[in-house]
Amino acid sequence: MTAARTTKWLVASAVVAATVSLSAVDYLTEGVDNARTGWLKNEKVFTTTNVRGMRLLWKIKAESTPRQMHNLFAPLIKEGVQTARGPMELAIFAGISDELFAYEVSSGDLVWQRKFDSIYPQVTTGPGQTLCPGGQTAVPTIATTPVNGRTAMYAVSWDGRIWTLDVATGKDIAPPEKFAPPNSKPYALNLFNGSIYTATAQGCGGTTNAFVAYNLGTKRSAIFAPGGGGMWGRRGVTVDPEGRVYLGTGDAEFDEGSKSLGNAIVSVKTAPNGELQLVDYYAPPNANWMWRRDLDVNVTPMAFDFQGRKFLVGTSKECRLWLLDRDNLGGRDHRTALYVSPLLCNDVQAFDAHGVWGAMAAWVDGQGRQWVVVPFYGPVSREFHAPREHARPTHGGVGAYTVEQRNGRWELVPQWLSRDMDMAEHAIVANGVLFVYGSGEDTTQVLPERAFDDPRGPQLGGAVSNGAPRRLEGRKAALYALDAVTGEELWNSGNTITTWNHYSGLTVANGRVFLSTFDGTIYAFGVQR
Amino acid sequence: MRSVRTSLIALLCTVSGVALVAQGRNIGFEWQTTNADAQRTNWLRLDPNIAPDKITGTSLRLLWQEKLPVMPRQGVSVLQGVTANGMQVFTPTSFVTGVSNTIFALDNDTGHPNFVKRFDTPLPAPTAQCPGGMTGALTRVVNLVPTPLALPPPEGGPATGYRGSLGAPGEGVPLDIGRRDGGAALRGEPPPPPRGGGGSGSLTAGKYNGAMYAVTTDGALHVLGPNFLLEVERPVPFLPANARFSNLIAVGDMLYTTTSQGCGSAPNSVWAMSIAANSPRTVLSWRTNGGNPVGDIAFTTDGKLLIAIGAGQAQASGYANAIVALDAKTLKPTDWFTAPNADFVTTPVVFTVGMRQLVAAATRDGRILVLDTASLGGANHSTPLFASTSLGSSVAPEALATWESQDTRWLLVPNNGITAYRVVDRNGSVSLDQGWTSRALTTPTAPIIVNGVVFAAASGRPQGRATLYAFDGRTGRDLWSSGMAITSAVSPNSLWANNSQVQAATTDGTVYAFGFVLDRKVK
């Protein structure tokens, strides 16, 4: 190559790189944004056309250590990270065993890894159990502005400390600080206005189920316990543009008289003095019945503004949707939603293997229609019908709605129903493409019955099943790309993914999709860039 | 199959001013076998919500109705349900026998048939005398003596409600709120005493972990897991094929039923089989050698098996017009009562008055006979403790019921309505004193009692529509009726109750559930 041609190639490459860089997106927090909409608004690489040609780019087995049914969580993506090897786009995975792994996205090369230590060894020990696995459970979050000149990522370790790490190296930018109670199972971190928000869940480690917040400036930690159970929304808490923080509570009585806000969606906000204060709450009219049936409000709600209204959409294991007004969550009695949908799934109202467990998405299409997309487990409900149904799912699927005003009231109007999927989980919408995966997990929590002629011998079922048999009965995860407007399947991963995952997630950025499985394998799919 | 389901969305909670209990995961108590218990009292002793002072004209609602896909046989589609809470951990369930060899596990909260077990067994052509199919309802194992029921104790103090706090810089969240032990474990201290209040104990007597037992047309005994209705044991021969058998009952390690009317060439008999694990499935039987067994087997709390026998020609060592006590293990007769005109038509019902355990049954000529279970007919086996005058031919050949309020033992008789007698023991002399009589009920069903509230239906048979009523158990005062909710006739002996609900099964195979809405409404 002549010097002139070399120069031209370098210039062209730089232009391409600059163009790509200019149009590149980052995935800095679980659920894409503070409001947990799952809508990757600025994604430009994927299209409904090119996604049909998506392929496996690489797969790597991380040196991660599983705990109970957990291993790796959804990665964060940051492009243009100035590493020792030059600028890189990194995918950073948090692992359940207090581990972090950073990979270069195009090659899958490991750039750095680290493991946290613990200042509370007396409680950060032992194998854990299915619902309380111990370890690091919160997807970290990356700051949008530098800290001490470095791109900073915040993570919470098993002992409850908050870490400020250099995305380029994984090293500390600042010393770790005490934050959440140790062994408390916090969920994905949400950075808003200088504070990190999350929630502690399911009484793990003897912890109170609560909203918790860490002020990065004052280093003070605030807690608000709603008096309910749960608080295990997969994407952590939602924060709206007004700074109000939302999450559902789980199994406990809803009783305003005793200030017990079980099975409700609760909103808090940081007061000027740093405290977390109650703003509002909504409890479905059948909240206490949901409690009896263990139908937690277990899904991170989504906040979006549409046609001048501030909406919040919530759902639960019960598998119906609540459309709420963020300025008046439940009306005067805290029990009145703008709209309550019929069931999308879970006609049997089972507490396991049915309902919504993963994460929804909310997005606006080119015609200005506001969509709500809901992946679910188990059979679709007899109550749900859409104009376009690609199947009547029996193992799981996705239901899509538009938010419309009809006869003076706001409604969620069914638009399409997807093909069948094995335990449909997270939804992310990117440039008109809906990415969703089926975890293939054995989500049953009830010991099955076995007939007398079962080769393993008969068994009276009904007891609560733990992780051990569920790990054995897991199937295969699968990734799907659907047309987000029509629900048409554009691509699927077939049998590429060889095992299942549990309570993990999905990340999309810059023409790539990342998914991991219980055995620690990371799959990177993508399209030609 | 498309169910007809009343929408909970349309219901309004109209119980303002009345505190209702929806405490803890469970919300009430179970109906563990047909007619409630081994004594066949038809009495659910306690309920957290159903009580005479909590029922008004509109407080009980139709919660759901579910039409089950069952081909009726001689006007009967489904039999009385048996319930268990905590199926699949959280689901209260009614197990309903469909006469055409089908078992349904209905979710008592929604009516949804979560599981269905169909047996592929040929059905004979039905006749009035020999309807064929599953003529007796399934059962679970029940205690000889019903487990005492109790509501949880009052809360010890205010529960800890929502609260917040702010930690000092660098100290993390305040652990007095952040951890239930206030951080004691982290400091190496013993945990603080638990806070009072916030109790949410289970209201059930305990989750049932056993199997369900059912017999199909071919006489085979099937043992089903209650959570998924899978057959956890290989079916074994039990009864002659096509027999007409009564509702099953399992007490301890034994399963029992009767056969009557000569159907399938089965003799009039009591049948038993050991269901203990690893025991041989040997069939025991005892022939009446006389009349037909009537209704169902009942047990005294000290383990005697009682069977009522109707009219017939008693052969040598045979019985007719009798109540016979059998040894529960060997089925050998240990006592009996017989009288020429004691053509019994109802299941014996066992209850205690004072220090004595009594049994009562109705005869075809409309009398109620009360016997001492310690000596059924006295020295001559023919002397009842008490025999009422005839109530006429209107005594329904279904079942009696009995319950006890604080100071009174009641015996309820379906007779143009419900007649409630006080069973009185005056210095050893037992009598039935007139208590109250309900409004007139055409072709009444056997009554059931839930925590002092009597439920009975004007059955609507043969082809009308039924109406279910609730009465104050002490006065007979009307409390509530189902109005026009039920659109067909209620089958004989087809009411049951559990978890603040009352269910009724109709001749067209529909199960209706009535109760308080509580927190079931959706919008």
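How many of the 523 residues of chain B count as buried? The share is 60%. Please keep in mind as we go that this is a predicted model, and that every value below is computed from it.

Let us stay with chain B for its overall build. Chain B is made of two helices and 35 strands. Its C-alpha trace extends over about 95 × 50 × 45 Å along the principal axes. You may like to compare the radius of gyration with a simple rule: for 523 residues, a compact globule would come out near 24 Å, and chain B, at 25 Å, agrees with that. The contacts add to the picture. If you take those between residues at least 6 apart in sequence, 56% join residues at least 24 apart.

The surface of chain B comes next. Its accessible area is about 18700 Å², and carbon and sulfur atoms account for 53% of this. As for charge, chain B carries 39 positive and 33 negative charges, and the mean positions of the two sets are 5 Å apart.

For a local view of chain B, find B:Gly303. This glycine sits in the loop that runs between strand 17 (293-299) and strand 18 (305-309) of chain B. What is B:Gly303 in contact with, once its neighbours within four places in sequence are left aside? The partners are B:Leu144 and B:Ala328. Another useful pair to look at is B:Gly303 and B:Ala38: 265 residues separate them in sequence, while their C-alpha atoms are 9.6 Å apart in space.

Now to the disulfides. Searching the whole structure turns up three of them over all chains. Chain B provides the link between B:Cys130 and B:Cys263, with an S to S distance of 2.0 Å. The torsion about this S-S bond is -90°, and the link is left-handed. B:Cys130 lies in the loop between strand 6 (113-118) and strand 7 (139-142) of chain B, and B:Cys263 in the loop between strand 14 (254-260) and strand 15 (269-274), so the bond ties together parts that are 133 residues apart in sequence. Is B:Cys263 buried or exposed? Its relative accessibility is 1%, so B:Cys263 counts as buried, the cut-off being under 20%.

Turning to chain A, we meet A:Cys132 and A:Cys204, joined by a disulfide with an S to S distance of 2.0 Å. This pair links distant parts of the chain, 72 residues apart: A:Cys132 is in the loop between strand 6 (110-115) and strand 7 (141-142) of chain A, and A:Cys204 is in the loop between strand 12 (195-200) and strand 13 (210-215). Here the torsion about the S-S bond is about -80°, so the disulfide is left-handed. A:Cys132 is buried at a relative accessible area of 16%, and A:Cys204 is also buried, with 2%.

Chain A also holds the disulfide of A:Cys319 and A:Cys345, whose sulfur atoms are 1.9 Å apart. These cysteines are 26 residues apart, with A:Cys319 in the loop between strand 22 (309-314) and strand 23 (322-325) of chain A, and A:Cys345 in the loop between strand 24 (339-340) and strand 25 (361-364). The torsion about their S-S bond is about 110°, so this disulfide is right-handed. Both A:Cys319 and A:Cys345 are buried. When the bonded cysteines of chain A are numbered in sequence order, the pairing reads 1-2, 3-4.

How values were computed: Residues are numbered from 1 along each chain as its sequence is written. Chains are lettered from A and ligands numbered from 1 in the order in which they are written. This is a predicted model: local features need pLDDT of at least 70, side-chain atom pairs count only at pLDDT 80 or more; totals for chains, interfaces and linings use all residues. Side-chain values use heavy atoms; hydrogens and water are left out. Helices (H or I, at least four residues) and strands (E, at least two) are DSSP runs, numbered from the N terminus. The radius of gyration is taken over C-alpha atoms; the globule rule is 2.2 Å times the number of residues to the power 0.38. Buried means under 20% relative accessible area, exposed over 50%, partly exposed in between (1.4 Å probe, protein chains only). Contact means heavy atoms within 4.5 Å. Accessible areas come from the Shrake-Rupley method with a 1.4 Å probe; for residues, only the protein chains shown count as cover. Lys and Arg count as positive and Asp and Glu as negative; His and the chain ends are not counted. The place of a charge is taken as NZ of Lys, CZ of Arg, CG of Asp or CD of Glu. A disulfide is a pair of cysteine sulfur atoms within 2.5 Å.
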